[in-house]
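Student: I would like to learn how to read a few features of a protein model, beginning with pockets. Could we go through them one at a time?

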Amino acid sequence: LELLLYASSLCAASGAPFLYHDYCVIGAGPSGLQAAYFLQRAGRDYVVFERSHAPGSFFALYPRHRKLISINKRYTGKSNSEFNLRHDWNSLLSHDRRLLFRRYSHDFFPDADTMVRYLEDFASLLKLRVQYNTAIIHVTLEKDAQAWNGHYFFLTDQDRQKYKCSLLLVATGTWVPNVVNFPGSEYVEGYETVSINPEDFAGQTVLILGRGNSAFETAENILGVTNFIHMVSRSRVRLSWATHYVGDLRAINNGLLDTYQLKSLDGLLEGDLEDLAIVKDKKGKLHITLRFYLEDRNASAGIDSITLPQDELDNFATRAPYDRVIRCLGWKFDFSIYNRSLKMMPGKGNMKKYPQIKPNYESRSTPGLFVLGTASHSVDFRKSAGGFIHGFRYTTRAVHRLLENRHHGVPWPSTVYPITQLTNSIIKRVNEASGLYQMFSVLADIVLLRENATAFEYLEEYPVGILAELETQTGRKAPNGLFVIIMEYGRNFSGADKDVFYYNRAVGEAQHAWQSNFLHPVIYYYRHLPTEREMKLRPPDWAIPRPAAVHHIVEDFLTDWTAPNAHVLPLRRFLENCLSTDLRRFFAESCFLFALTRQKLPPFCQQGYVRMQGLLGTQGLRRHATEAGLMEDYTLTDYLGDGHPNSHQGPQEQLLRDPVVPVPPLQHLVKAKDE
């Protein structure tokens, strides 16, 4: 920071109009710090601008009642760090084992102040280049043919210092409160300022506008001290266990549902908030009416001159006056700092709180402008976890890999394996990978087949929304077909109106795997890379186009897909059918038999036995294989017993070591080990 300030003073002294960086990151929240980590590890020129004096300023205020709803599961029964991240929703990705959130809190639902401390340590221990107390107030661009994307980004801070960047990463999140304007909305208190002391609500009647976690969190805090609480929103309540979307109502906050359904005065109502109106009487009580009753009247004229719904319908649900009305409607993206030249436009409908971006998280109108973190949630809104730390830590890494290939010629990381390792590679990933698990239906592993299916190249956690652009986005080629490995819920299992606890809700048999409801791996096979047109014409609710073949690995109660018969064997046979090859493993004797009786050897024999590779047979291995039924029991007595009275003389160990062992007929040679 001292060097940066010194450089700034030098530039000012020399009359330079701006400070240049290849990458500018706006916001030092979780996604901004995650992006900074990857940029620093790659040795890139970058800077992070943070308006506050410390990172994670959003968590310094929110949630107001200080309990996070992101789980911190410290124990899973496993030591695999990648697997454990599936159940750690707060840690950012790094090489430093000290920066795992379980080292900061023992609480299953941690305190927000712990998150602030964690982010401060993440920035300081990793020495990330964050420029604090710098509020970017204006962003524009100027065309330049020499720039990476045909233009440079120019940023201005509160002190009128200017910065020039080749690429802009927006990681500001959504922090502007959603406000609904209607007659009487001036009497409404905002979630961001309302008291969090329950005693301030003792004996009061409260109306809450909203139906999300912030609304229920507020209700939970005052549930035991109020007369009653009513909650109104335009949509019905959506329970996260039914929708399988972590942004919907979580069980930790849903106490008001109990008091509503068990008739303890509290209640939920549905209605369009823009149709409401609030009128204040002489005693300071707030009355709910409808906007059309006030069309020809002034709300300030007094309660006596205004028609209320209960005047016409005496059992109107909200006829009782309220002491307080609280707005808990969430947040939206701040578009105000972006010049028209950037064409940062809000989405439509439910997406209007987010900027419009493409599936690669780049602005639809401005190349080189990427949106990270919560603000990028339009890509998977109500579908996956991209709006939360445990999701966008992986999408941020994906964006970094895309940029490394585009601007620095660094292809997407991959590993090449012989084709005999295909089944094992897939099984390992679906049982361990956290990115696939958290960003289900959004990030996928890609298997690129080599010519003649003798080997494959494995790419991890690629955004499936840009599958058609894989070759240009990754620097990898896919001329011989590919597999896409993705995690999915059952197509008809998630929804606000779904009963997810019905009898026989789970599938246990491999032949019915396609009917699996809970999260499970799905493997798609394509003979060629899908085109842009195929992506646009894909079926509704499909993440990718129809494949040449598809395989569901049956759901598992323990999310452990390693059962030999239920999981591994059906997968291997599916892969074999797609590749028209044999992916089994064989003992050397079987490979020798195949070499004498077949024109083409299985890949395992080609890549092992023929190249003089593989395990040497030992007495222990032979005995184990015989007892397991994997080998024929052809001891010397089988061939020397008849007419050889001395065939049983001497210990079996000596017989096995005796080099003068008659060669058995070919039909007695060992069978394949079917793994």
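Tutor: Let us start with the term itself: a pocket is an open set of grid points with protein on both sides within 12 Å along at least five of seven lines, and its lining residues have an atom within 4 Å of a point. Please keep in mind that what you see is a predicted model.

Student: How many residues line the second largest pocket, and which lie nearest its centre?

Tutor: The lining of the second largest pocket comprises 43 residues, and those nearest the centre are Val379, Lys383, Arg538, Trp542 and Ala543. The volume of this pocket is about 1400 Å³, and its lining divides into 19 nonpolar, 11 polar and 13 charged residues. Among the contributors to that lining, helix α14 (residues 532-536) gives the most, with three residues.

Student: In what order do the five strands of the open sheet lie?

Tutor: Strands count as paired if at least two bridges are found between them. Here the order is β8-β14-β9-β10-β11, with parallel pairing, and the edges are β8 (189-190) and β11 (267-270), each of which pairs on one side only. Between β8 and strand β14 (residues 324-327) there are two bridges, and Gly190 has Arg327 as its bridge partner in β14.

Student: Which helix packs on this sheet?

Tutor: Helix α6 (residues 213-222) does, touching β9 (205-209), β10 (228-233), β11 and β14, and its direction makes about 175 degrees with that of β10.

Student: Turning to the backbone, which residues other than glycine have a positive phi, for instance in the loop between α7 (240-243) and α8 (255-261)?

Tutor: In that loop, His244 has a phi near 60 degrees. Ser441, in the loop between α12 (434-438) and β18 (443-449), also has a positive phi, of about 70 degrees.

Student: Are His244 and Ser441 buried or exposed, and why?

Tutor: The cut-off for buried is under 20% relative accessible area, and partly exposed lies between that and 50%. His244 therefore counts as buried, at 15%, whereas Ser441 is partly exposed because its relative accessible area is 27%.

Student: What does Pro418 touch beyond its sequence neighbours?

Tutor: Leaving aside residues up to four places away in sequence, Pro418 touches Thr454, Ala455, Phe456 and Gln607. Pro418 sits in strand β17 (residues 414-418) and is partly exposed, with a relative accessible area of 35%. Pro418 and Arg450, 32 residues apart in sequence, are 9.5 Å apart in space from C-alpha to C-alpha.

Conventions:
Residues are numbered from 1 along each chain as its sequence is written. This is a predicted model: local features need pLDDT of at least 70, side-chain atom pairs count only at pLDDT 80 or more; totals for chains, interfaces and linings use all residues. Side-chain values use heavy atoms; hydrogens and water are left out. On a 1 Å grid over the protein atoms alone, a cavity is a set of points where a 1.4 Å probe fits but cannot get out, and a pocket is an open set with protein on both sides within 12 Å along at least five of seven lines; lining residues have an atom within 4 Å of a point. Grid points are joined across faces, edges and corners, and a volume is the space filled by probe spheres set on the points. Helices (H or I, at least four residues) and strands (E, at least two) are DSSP runs, numbered from the N terminus. Ala, Val, Leu, Ile, Met, Phe, Trp, Tyr, Cys and Pro count as nonpolar, Asp, Glu, Lys and Arg as charged, and the others, Gly among them, as polar. Buried means under 20% relative accessible area, exposed over 50%, partly exposed in between (1.4 Å probe, protein chains only). Contact means heavy atoms within 4.5 Å. Axes are lines fitted to C-alpha atoms, for helices over the stretch in contact, and angles run from 0 to 180 degrees between N-to-C directions.
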